[in-house]
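Please explain how this protein is arranged, starting from one residue and working outward. Keep the account plain enough for a first-year student.

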Amino acid sequence: MSQVCLQDGPNCEPCRPLQRSPIEGFYLSGDYTKQKYLASMEGAVLSGKLCAQAIVQDYELLVAWGQRELTEATMS
Ligand SMILES: Cc1cc2nc3c(=O)[nH]c(=O)nc-3n(C[C@H](O)[C@H](O)[C@H](O)COP(=O)(O)OP(=O)(O)OC[C@H]3O[C@@H](n4cnc5c(N)ncnc54)[C@H](O)[C@@H]3O)c2cc1C
């Protein structure tokens, strides 16, 4: 497996972003994000799962955020 997977260069691990970005309502998925595998199809799939989990966990926040945006849009 290690022969077919593309590998990051040295010291890249701390640079991998989490699936829940610091920007409200903005999520990341892809083999480059923080997950336990190297850049691989397994890593891409796991990152998608972690991304979906983060969205589900944030559901209430996202609904509240969407309603706030809608209210602001209708008032302006
Ligand atoms: C030659 C090669 C061989 C490989 N062999 C293996 C292997 O044998 N086993 C293995 O596990 N992994 C292998 N990999 C790695 C594996 O393919 C990747 O890790 C995996 O596909 C990453 O999936 P991803 O969804 O994160 O990104 P990607 O598959 O790169 O998907 C990202 C998608 O986003 C699109 N995109 C980019 N920018 C934009 C934009 N601005 N707007 C809209 N769309 C955009 C791209 O066109 C692409 O379709 C290989 C990779 C390469 C290059």
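**From one lysine to a helix**

Lys36 lies in the segment that comes before helix H1, which runs over residues 41-57. The model is predicted, and the description below should be read with that in mind.

Is Lys36 buried or exposed? Lys36 has 8 other C-beta atoms within 10 Å, so Lys36 is exposed. The cut-off that matters for this step is 12 or fewer such atoms for an exposed residue.

From Lys36 we can step into the helix. Ser47 is 11 residues away from Lys36 in sequence, and the C-alpha atoms of these two residues are 9.1 Å apart in space.

Ser47 is one of three buried residues named in H1, along with Gly43 and Leu50. Gly43, Ser47 and Leu50 are on the same side of H1, because they cover an arc of only 65° around the axis. Met41, Lys49 and Val56, on the other side of H1, are exposed.

How many residues does H1 have? H1 has 17 residues, and from its first C-alpha to its last it reaches 24 Å. This is close to the 24 Å expected at 1.5 Å a residue.

Now take the protein as a whole. Its secondary structure consists of two helices and zero strands. The protein has 76 residues, of which 9% are buried; Gly43, Ser47 and Leu50 in H1 are among the buried ones. Finally, consider the contacts between residues at least 6 apart in sequence: 33% of them join residues at least 24 apart.

Definitions and conventions. Residues numbered from 1 in each chain as written. Predicted model: local features only at pLDDT ≥ 70, side-chain atom pairs only at ≥ 80, totals over all residues. Helix = DSSP H or I, 4+ residues; strand = E, 2+ residues; numbered from the N terminus. Buried ≥ 20, exposed ≤ 12 C-beta atoms within 10 Å, placed from the backbone. Contact = placed C-beta atoms within 7 Å. Expected span 1.5 Å × (residues − 1). Arc of directions from axis to C-beta.
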